[in-house]
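Me: I would like to go through some labels used for this model and see what each one rests on. Please set the value against the definition each time.

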Amino acid sequence: MVLVVCRRFTGSFCGTSPCSSLIKHHRNKNLPSQTYEDCALTAKKISTDSRMAATLKLFKLLKYQASCNPFVYHAAQSLAYWNMENSTQHRRQNIIAPEHESSCHPARKVKSIGGTTLSQRIFTTSSPHLGLEVSEASTLPSSTMHPGSGATRVGEEDVEVFDSFAGIRVFLKLRPEYQLHSYNRSEPCQPLSASEGELILHKVTVYQNKLQPEVIANYFYKLSSLPAEQHSVLLSSNSFALLCQLSMKNIQLFDTSDLISILKAFVDLRTPLPPAMLDVFETRFCHQVWEMSLDQLLLVADLWRNLGRRVPRFLKIFFSYLNLHWQELSLSQLIHLIYIIGENRQAPPDLMQKLESLILKYVDLVNLEEVGTICLGFFKSSSSLSEFVMRKIGDLACANMGHLSSHTLVHMLKMFRFTHVDHVDFMRQFGEIAPQRIPSLGVQGVMHLTLACSALRILDERVMNAVAASLPPRVAHCRSKDVAKILWSFGTLNYKPPNTEEFYSSLINEIHRKMPEFYQYPEHLLTCLIGLAFSEYFPAEFINVALSSGFVKLAQERSKFELTKELYTLDGTVAIECPDYKGSRLNSHLQQEASAKLWDLASKDMRSKPEFLETLYLLETMLGGPQYVKHHMILPHTRSSDLEVQLDTNMKPIPFNSEVTPTEDAARLQFKQVGVSLTDDLVSRLLKGKAKRCFQGETELETGQPPMELRKKTAIALVDSDCNVTDRLGDVGTIGLRPLAHKQPPLVKLAIQFTNRNQYCYGSRDLLGLHNMKRRQLAQVGYRVVELPHWEWLPLLKRTRLEKLAYLHEKVFTSAL
């Protein structure tokens, strides 16, 4: 292969400084208005990466030589660009990481290590351009730095400090078999002396054209054994850059063991390497998948995880391999695979079903930490487990709940929340041990415990009181997501703890301090405000922000969720419960759009339930026809429908539902003072004799309507009664006959609700927050709620029609009194 040597000149890459490029990039990310700039563009976002300088030097030096291999040359050309992009991505991941249980924390203090100094430079090379460019953070002890997490406090006992990388890898220490397919970078190794490192780099420079692939791999392995404080110096070396270039040029010549050895070296260096260079290695591993063993494949996947890099191409091929070889997985391989799947947030559904069958095969052999790993892996990959498997997992935990680690407990609760499996014994024991553990659990863990309780509708006052008591002193450690989910959970369970004022005031104050985060994640602010609304708290300042046109636009563009329904729920709630509110409101277009979507979902849901259809039919039969009952959303923003009935001053139903009459028929029914007189004889003939028994006087009406049309409409008003035609028609005279209209305003408006168990806390008759708020608002707009509770109505559906009608009659007319 021909090697093209390119001379390079001193100076900045592309004639620009790295810092100015980075700041320009963030300026382009500004939010639409000044208000959002002030909140979203923080100093943290535009600060340069602490490791950028040394890494940038390596990226520049990799351009020193260019191979004729187009892919490698392209990789080298893009390294400097990728440096800038990677530094931005690292900060973005640190912001997004809390969504995925990262240990990065906005409110966390970082211990200053400013006094640390680098040791003297130990390498000498032939390059005249070699310099040392490192910053303070490059000297952080390696034990404090992990993929996906920032620097954490060193030597401090703090429940908020949790290494999310190491913490969930505890299971790898439980069986010796894990050592065959995982990498423990904390294992001691023979350190490389300064003189040996200098000699290796000298050999790379002198023998660059003669180095064999196995020698290159060996050099990487040895250099990665240098003391951690010298890694940044190594990365800024011209000779090391040349070694990286040689590895990419000879990538096709490495065998599997050499590739794995180099990947291990990358992990041990513990400093970000050029993404384009890692792309080359990922591509090579993709070509090797079908020639590797399961242990090797798992080890490679684990090494990529140690690097903090997602490798979707490699995993896609790996999963294809597993679809054919899944039955060969041992217990340790299965657990480790589930961990890798969870950390990469992806897996084919058919593969996950196969893995579930293996879980059942090994379920009696796994320990509790491994059970926690299974739950977390399936949860993170959004893969469900069957109810049978979840009950087996719950049984395992219940057998030894006292020895269950707090983080494993959290992982299990995440999966119970995801699958909505109600393991009563597990939740009972959880309620006994959780209050004692909550003070020693980080706020992210506390959030997940609370959220699991609300998702499973389990109100355990011991747990909720412990959460409420422990949170105010450490609320500053909450992310915006934690504040949102905790407020949502308390609101959903409709529970106010003993320290309600302290609890809510601390969280509301934290919303104010976390506003920059809420502009990054607008869905969290809406979750906060709706959760507060459930509990009857309405902070006007934040509501005004959330419903402003700028924030609405931001929510629609930035969030990965569809937030129109949330905005509509908040807007509708404010309209009813905050009559003095003068702030921003949702525009009418969005209101109509959200209302239409919610009605479409609610109507389809209710009309797919046979028990609801029977209820509607029986009410229509009892009251006299469909014109006396209306199925609609009285309060559309509350996301559920009701059956409305109106009664007049005589406690008789009003035929108010004009929607059951076609428009053209209603037009024909308008009577005018011209046409044929309606005599007793005509009425008698039209009503087949019923009018003679019901009408005692003579009524003369002039109408131009054909008799058959009148007959159809009049029959509607008479179908529900034997002799109450006069009552139904009211003052029939020259004004005209309106069988579906009523001049007198209703005395009582009833909202008949067909409820189910999911609207109540588990095992109780206490309404959840949304449904309690709906009833509160129905009362405020003048409705009386008639509840058909599931514990009464569902059993009654199996009884006779007469019993059901009697029950409905009592519910409707007793409620109106």
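Me: Where does Glu-461 lie, and why is it called buried, exposed or partly exposed?
Reply: Glu-461 lies in helix H23, residues 461–470 (helices are DSSP runs of H or I of at least four residues, strands are E runs of at least two, both numbered from the N terminus). Its relative accessibility is 45%, so Glu-461 counts as partly exposed (buried is under 20% relative accessible area, exposed over 50%, partly exposed in between, with a 1.4 Å probe and protein chains only). Glu-461 and Lys-496, 35 residues apart in sequence, have their C-alpha atoms 9.5 Å apart.

Me: What do these values rest on?
Reply: The model is predicted, so local features need pLDDT of at least 70 and side-chain atom pairs count only at pLDDT 80 or more, while totals for chains, interfaces and linings use all residues. Residues are numbered from 1 along each chain as its sequence is written, and side-chain values use heavy atoms, with hydrogens and water left out.

Me: How many helices and strands are there, and what share of the residues counts as buried?
Reply: The chain has 40 helices and eight strands. Of its 817 residues, 54% count as buried. Among contacts with a separation of 6 or more, 79% join residues 24 or more positions apart (a contact is heavy atoms within 4.5 Å).

Me: What makes strand E4 largely enclosed by the rest of the structure?
Reply: Strand E4 covers residues 642–647, and six of its six residues are buried, so it is largely enclosed. Asp-642, Glu-644 and Gln-646 point one way, Leu-643, Val-645 and Leu-647 the other way, and all are buried. In a regular strand, side chains alternate between the two faces of the sheet.

Me: How do you know which strands E4 pairs with?
Reply: Pairing needs at least two bridges found by DSSP. Strand E3 (630–632) and E4 have three bridges in the antiparallel sense, with His-632 opposite Asp-642. E4 and strand E7 (748–754) have five, also antiparallel, and there Leu-647 stands opposite Val-748.

Me: Why is the pairing in the open sheet called mixed?
Reply: The open sheet has four strands in the order E3-E4-E7-E8, with mixed pairing. Its edge strands are E3 and E8 (784–788), each pairing on one side only. The twist averages 30° from one strand to the next. E7 and E8 run parallel and are joined by five bridges, whereas E4 and E7 pair in the antiparallel sense. Ile-752 has Val-786 of E8 as its bridge partner.

Me: Which helices lie against this sheet?
Reply: Helix H38 (769–780) lies across E4, E7 and E8, and runs at about 165° to E7 (axes are lines fitted to C-alpha atoms, for helices over the stretch in contact, and angles run from 0 to 180 degrees between N-to-C directions). Helix H31 (588–607) packs on the sheet as well, touching E3 and E7, and its direction makes about 125° with that of E3.

Me: Why are helices H32 and H40 described as parallel, perpendicular or oblique?
Reply: The axes of H32 (610–623) and H40 (801–815) come within 10 Å and cross at roughly 75°. The cut-offs are under 35 degrees for roughly parallel, over 145 for roughly antiparallel, 65 to 115 for roughly perpendicular, and the rest is oblique. H32 and H40 are therefore roughly perpendicular. The residues that meet include Tyr-617 and Leu-618 in H32 and Leu-805 and Leu-808 in H40. By class, this contact of H32 with H40 has nine nonpolar, three polar and three charged residues (Ala, Val, Leu, Ile, Met, Phe, Trp, Tyr, Cys and Pro are nonpolar, Asp, Glu, Lys and Arg charged, the others, Gly among them, polar).

Me: What is the relation of H9 to H11 on those cut-offs?
Reply: Helix H9 (213–223) and helix H11 (238–249) cross at roughly 140°, their axes coming within 10 Å. H9 and H11 are therefore oblique to each other. Residues in the contact include Ile-216 and Phe-220 of H9 and Phe-240 and Leu-243 of H11. The contact of H9 with H11 has eight nonpolar, one polar and no charged residues.

Me: What makes the phi of Ser-382 worth a remark?
Reply: Most residues other than glycine have a negative phi. Phi of Ser-382 is near 55°, a positive value in a residue other than glycine. Ser-382 sits in the loop between H18 (368–380) and H19 (387–399), and its 54% relative accessibility makes it exposed.

Me: Why is Arg-639 called buried, exposed or partly exposed?
Reply: Its relative accessible area is 31%, so Arg-639 is partly exposed. Arg-639 is in the loop between E3 and E4, and has a positive phi of about 70° although it is not a glycine.
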